[in-house]
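User: I am new to this structure. Please take a close look at one single part and explain how that part sits within the rest.

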Amino acid sequence: MLLANRKALITGAAGQLGAAIAERFAAEGCAVRLADIHVAKAEAAALRLRQMGADAAAVTMDVTDEEAVQRVFSELDSLDILVNNAGVTRINKIGDSTLEQWNELLHINLTSVFLCTKYAWPLLQHAKAPAIVNMSSTNAFQMNPGLPAYSAAKSGIIAFTQQTALEGAADRIRVNSISPGKTLSAEMQRQLAEQTDFVIDCDCYPLGRPGYPEEVANATLFLASDLASFVNGVNLVVDGGMSLQAVGGLVRSDLRRHWKSGSYTFAPEATSDN
Ligand SMILES: NC(=O)c1ccc[n+]([C@@H]2O[C@H](COP(=O)([O-])OP(=O)(O)OC[C@H]3O[C@@H](n4cnc5c(N)ncnc54)[C@H](O)[C@@H]3O)[C@@H](O)[C@H]2O)c1
């Protein structure tokens, strides 16, 4: 039991990664509070854990609402682990994005991490082995078109994690982040199980498969537990090696095809007069 006698609050715990993290923590003896804006889904997840014998409860919390965040943490009598996992992805190219959309995405994905950290801090300062795990993404350092605000927020989470890790060290609060690659959604898992002709293009995965939410949950457990007692301020990439690939590798085979078909031609004569 890696988390016996500890209490964790996980944001976005009604979602696929948050629910997997709550279940993994509960299996290690942790009391879990599943916070989400969708409380019915969080309650269903908490009920499943209680039926397995865990101390689990759902908490309604909009991570962008400072008053709500303050209230939730002020109502807890103790807290050992905070997992800042809530987040949303929306595809908007820079030219099509409004300031409102930019602010909204930064607020949900990044400002929320500041708010929850700020109001969890006094509780964590009194914990025996306090830990925070923040959910970033490989999109923090590997870009896809259409994700400017999401990528900026996820990069910001890594910087905020490092800053908080330094500040927290005086109180023994360890702070780390995780950058998952694409993980299998419940819908994809259902299709794989039910449809023999359903395949996932795995060229971009060096291990030949995408990850499971449980594999991100295992990494979160490691960072939250005493197994990582001397790990502070790191960003743990959990993507099966996907982000190690250089441009021109399997992941960019589309570009190689364009080059061969002559869609771009380098023209040295244009600069030969200089
Ligand atoms: N699943 C992946 O492949 C993947 C990859 C990289 C990073 N991530 C990150 O992991 C985290 C979890 O992703 P997921 O795949 O489980 O997503 P998900 O959509 O299944 O779950 C996200 C949860 O966050 C909640 N949420 C959204 N806005 C909220 C708010 N304002 N207040 C409280 N809760 C709110 C949603 O209700 C949902 O339950 C996110 O931060 C995401 O960016 C996921």
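Analyst: Two residues are in contact if their C-beta atoms, placed from the backbone, lie within 7 Å. Among contacts in the protein between residues at least 6 apart in sequence, 72% join residues at least 24 apart. The model is predicted, and its pLDDT averages 91, with 89% of the residues scoring at least 70. The fold holds 8 helices and 7 strands, and 39% of the 274 residues are buried.

The part chosen here is helix α3, which spans residues 66–74. Which of its residues are buried? They are V69, V72 and F73. A residue counts as buried if 20 or more other C-beta atoms lie within 10 Å of its own. Looking down the axis of α3, one finds its buried residues within an arc of 90°, so they line one face of the helix. A general rule fits here: an α-helix has 3.6 residues a turn, so residues three or four places apart point the same way. E67 and S74 lie on the other side of α3 and are exposed.

What covers the buried residues of α3? The cover includes strand β2 (31–36), strand β3 (56–60) and helix α4. Helix α4, residues 99–125, has a part elsewhere too: the largest nonpolar core has 65 residues, and α4 gives the most to this core, with 9 residues. Within that core, the residues with the most contacts are I10, A22, V32 and L34. A22 shows how such contacts run: leaving aside residues up to four places away in sequence, A22 touches I10, A13, V32, L34, A45, L49 and A56.

For context, the model also holds a ligand, with 25 residues around it. Those that come nearest are G12, G15, L17, G87 and S137. Helix α1 (residues 16–27) supplies the largest share of this shell, 3 residues. By type, the shell divides into 10 nonpolar, 12 polar and 3 charged residues.

Two stretches call for caution. pLDDT stays under 50 over residues 248–252, where the model has 8 contacts beyond four places in sequence. Over residues 255–259 pLDDT also stays under 50, with 4 contacts beyond four places in sequence. Where pLDDT is low, the predicted coordinates should not be read in detail.

In short, α3 has V69, V72 and F73 buried, with β2, β3 and α4 among what covers them, while E67 and S74 are exposed on the other side.

Technical notes. Residues are numbered from 1 along each chain as its sequence is written. This is a predicted model: local features need pLDDT of at least 70, side-chain atom pairs count only at pLDDT 80 or more; totals for chains, interfaces and linings use all residues. pLDDT is the predictor's confidence in each residue, from 0 to 100. A nonpolar core is a set of buried Ala, Val, Leu, Ile, Met, Phe, Trp, Tyr and Cys residues joined through C-beta atoms within 7 Å. A residue is buried if 20 or more other C-beta atoms lie within 10 Å of its own, exposed if 12 or fewer, and partly exposed in between; C-beta atoms are placed from the backbone. Helices (H or I, at least four residues) and strands (E, at least two) are DSSP runs, numbered from the N terminus. The arc is that of the directions from the helix axis to the C-beta atoms. A residue is near a molecule or strand if its C-beta atom, placed from the backbone, lies within 6 Å of it. Ala, Val, Leu, Ile, Met, Phe, Trp, Tyr, Cys and Pro count as nonpolar, Asp, Glu, Lys and Arg as charged, and the others, Gly among them, as polar.
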